[in-house]
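Dear colleague,

I am handing over the structure we talked about, and below it you will find my notes on how some of its helices and strands are arranged. Please read them with the model open beside you.

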Amino acid sequence: MITNAQAADGEVIWQPEPEDAAQTGVGRFAAFLGAQGIDAGTGYDELWAWSVDEPEQFWEHFARFAGVEFGGTAGPVHTGDPMPHTRWFPGRTLNFARHLLQGHEGIALIGIAEDGTREEVTFDALRSEVASLAAHLRARGVGHGDRVVAILPNVAEAVTGLLATASIGAVWSVCAPEFGPGAIVSRFAQLDPKVVIAAPGYMLGGKDRDRRAELEEIFAQLPTVEHVIWVGRHTSIPSIETRAPAVQWAQAVAEPAELVFDDVDFSHPLWVLFSSGTTGIPKGIVHGHGGALLEEMKMLLIHSDLRQGDRYLNVASTSWVLWNAVVSALGVGATAVLVDGNPTFPSVDRVWQIAATERVAVLGVGAGFVHSCAKAALVPMRDHDLGALKSLQVTGSPLSADGYRWVYGNVGDIWLASMSGGTDIASIFVGGSPTLPVHVGYIQAPALGVRVESWDEVGNQTRGKGELVVTKPMPSMPLSFWGDDGSRYHESYFAMYPGVWRHGDFIEFTDRGILIHGRSDSTLNRNGLRLGSADIYSVVESLPEVAEALVVGAELGTDYYMPLFVHLAEGIKPEAAHEAITQSIREHLSVRYLPDEIVFMRGIPHTRTGKKLEVPVKRMLQGAQLETVADLGSVDDPELLKAYARFALERQTVSP
């Protein structure tokens with residue numbers, strides 16, 4: 001490999017060795033196609049072009065490459081209906097859980113508790129427990145389409161619950177236990193669940209958190225629940241009495257059973273993932289067995305280069321779609337590493353310590369985590385043996401150019417794959433290839449099978465900054481939103497460009513790679529100039545004086561107000577930070593990007609999956625009440641968001 005940790009913005013910072021290409025997922029897939037008599041070119045760019053020009057061939061052959069077993073009647077790869085009505089592999093059957101469990105041996109799961117307690121679960125043991133839980137659910141009348149929901153941390157029981165539910169054709173949904181009761185009810189009450197699997201407490205930040213009062217409130221608002229399964233192994237908090245009959249986990253999996261997988265249609269509902277729910281009722285995004293499986297396998301085999309026997313750790317809670325990717329690693333024959341509690345407790349270095357100890361091959365983190373490591377001046381390659389680590393995946397938000405340089409200067413000679421996708425598709429639109437060079441600050445390439453483009457406001461394609469759109473259907477586009485008549489689904493993705501998926505991000509294609517410029521629905525639009533919040537973050541958050549920042553632009557009648565909220569680094573005085581921020585924006589962007597006001601706050605509010613709450617803050621500045629813009633149970637620090645609400649109210653009071 002060739003690395004240059006001092007590379008300038010846009011320069012090549014990492015270059016793969018050509019002789020390694022054949023062993024990558026990209027190389028093996030290209031060779032597989034060649035053996036089928038298909039000439040898809042010699043490089044990634046040609047392979048991508050073939051995959052979007054010939055989607056039927058691509059998805060049919062990728063399914064074979066990934067070892068996906070179809071039943072039913074062979075037919076077309078997809079119907080000719082336009083998005084969002086396209087249906088994939090009609091007439092064919094499969095089961096998501098079968099692919100993840102059958103034919104694999106060795107260690108399936110490694111669970112690591114906050115106190116360092118460690119356990120291993122083999123594929124044999126996981127198959128046995130899934131079989132027992134599935135039989136237990138069947139015996140209680142759970143069948144195709146019934147909903148099984150869980151309130152669980154990132155532990156092995158959550159994986160077993162998902163796979164057992166999928167194996168019998170029921171529908172799965174999970175919330176992390178730290179979500180507030182209102183946030184959980186706003187999600188699960190939509191589903192009318194038959195079974196709840198819950199933990200009465202959970203470990204976080206070195207404390208055993210008692211959730212009994214919250215669970216009583218939740219169960220009181222879920223009248224359809226007929227059965228409860230308690231998972232108490234990871235907490236000292238006892239379970240509570242419930243209206244519905246309840247058992248402990250050990251009872252639910254006590255009886256040995258045959259492992260049976262129900263064959264279901266390709267588009268049979270698998271799980272319901274929920275949007276952040278910061279505005280309105282959270283959208284229940286329904287994915288099917290087949291679409292989720294194909295996209296997860298593509299993301300892991302091709303764009304993560306995950307291989308059989310590898311260990312995969314993605315720092316994610318059960319409520320984040322990336323947890324589903326961790327579980328899906330089983331379908332590659334890899335080992336999923338589950339970290340319970342706060343993975344950065346007692347320090348951010350703990351993630352690197354776990355990666356080293358567990359010999360992790362592919363590590364997934366958020367861009368914010370990388371920036372935090374840089375701020376803390378960590379040098380993981382000096383402090384830990386990262387010899388097994390071959391790839392670092394970065395998601396959640398754009399990674400700054402300084403973040404790229406920090407990785408190659410402090411983590412080592414690895415493939416850095418920045419990627420962007422979403423809960424909406426349980427996959428990625430753009431990401432990485434281990435056969436391509438990495439340019440500082442740029443995502444490498446569009447994902448295979450994804451016709452992703454940049455469009456201007458009137459629907460013309462541009463290579464410059466524009467709306468991220470997908471012009472051809474993907475197998476994992478949602479089947480529907482739960483309980484929606486189709487109108488909310490259409491409004492979310494297809495209202496701006498009829499028949500074309502508009503995701504809500506700004507994207508730009510260049511000769512060096514791809515840039516994501518943040519959410520277009522929180523666009524800064526000052527005097528007709530559209531500015532990306534990501535541009536400001538990349539400049540401001542690279543300053544040592546700044547821990548994190550949030551910028552919004554609010555239309556206030558005929559006025560436009562663009563404040564920059566700043567969380568200072570420890571020990572920094574506001575006066576010094578104000579000068580540094582202003583100077584940096586002038587030098588690296590332009591005076592057009594200077595905020596109307598720099599507001600110093602004790603923190604930046606996020607969803608519980610780490611997304612900055614730009615839109616709720618903007619709407620509060622425009623006069624909306626806190627309770628109408630965000631569900632406090634779905635944000636990481638409710639008291640902090642209340643402080644922003646007070647700021648918005650005070651500003652309205654003093655403004656003319």
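In which hand, left or right, does α13 pass α15 in their crossing? Before the answer, please bear in mind that this is a predicted model. The crossing of α13 past α15 is left-handed, and the residues that make the contact are Val 370, His 371, Cys 373 and Ala 374 on the α13 side, with Gly 403, Trp 406 and Val 407 on the α15 side. Sorted by class, the residues of this contact comprise five nonpolar and two polar ones, with no charged residue among them. The axes of α13, which spans residues 367-375, and α15, which spans residues 401-410, come within 10 Å and cross at roughly 65°; since angles from 65 to 115 degrees count as roughly perpendicular, the two helices are therefore described as roughly perpendicular to each other.

Helix α13 also has strands beneath its path to consider, for it lies across β19 and β20 and runs at about 90° to β19. Those two strands, β19 (residues 362-366) and β20 (residues 391-395), run parallel and are joined by five bridges, and within this pairing Gly 364 has Gln 393 of β20 as its bridge partner. Both strands belong to an open sheet of seven strands with mixed pairing, in the order β6-β5-β18-β17-β19-β20-β21. At the edges of the sheet are β6 (118-122) and β21 (415-418), each of which pairs on one side only, and neighbouring strands are turned against each other by 20° on average, direction ignored.

A second helix pair may also interest you. Helix α5 (residues 123-139) packs against helix α6 (residues 156-167) at an angle of about 55°, with the axes 8 Å apart, which makes α5 oblique to α6. Their crossing is right-handed, and the residues in contact include Leu 126, Leu 133 and Arg 138 of α5 together with Thr 160, Leu 163 and Ser 167 of α6. By class, this contact has seven nonpolar, four polar and two charged residues.

Finally, there is a strand pair to look at. Strand β26 (residues 452-455) pairs with β27 (residues 466-470) in the antiparallel sense over four bridges, and Trp 455 stands opposite Glu 467 in β27. In a regular strand the side chains alternate between the two faces of the sheet. In β26, Val 452 and Ser 454 point one way while Glu 453 and Trp 455 point the other way, and all of them are buried.

With best wishes

Notes. Residues are numbered from 1 along each chain as its sequence is written. This is a predicted model: local features need pLDDT of at least 70, side-chain atom pairs count only at pLDDT 80 or more; totals for chains, interfaces and linings use all residues. Side-chain values use heavy atoms; hydrogens and water are left out. Axes are lines fitted to C-alpha atoms, for helices over the stretch in contact, and angles run from 0 to 180 degrees between N-to-C directions. Angles under 35 degrees count as roughly parallel, over 145 as roughly antiparallel, 65 to 115 as roughly perpendicular and the rest as oblique. A crossing is left-handed if the near helix is turned anticlockwise from the far one by less than a right angle, and right-handed if clockwise. Contact means heavy atoms within 4.5 Å. Ala, Val, Leu, Ile, Met, Phe, Trp, Tyr, Cys and Pro count as nonpolar, Asp, Glu, Lys and Arg as charged, and the others, Gly among them, as polar. Buried means under 20% relative accessible area, exposed over 50%, partly exposed in between (1.4 Å probe, protein chains only). Two strands pair if DSSP finds at least two bridges between them.
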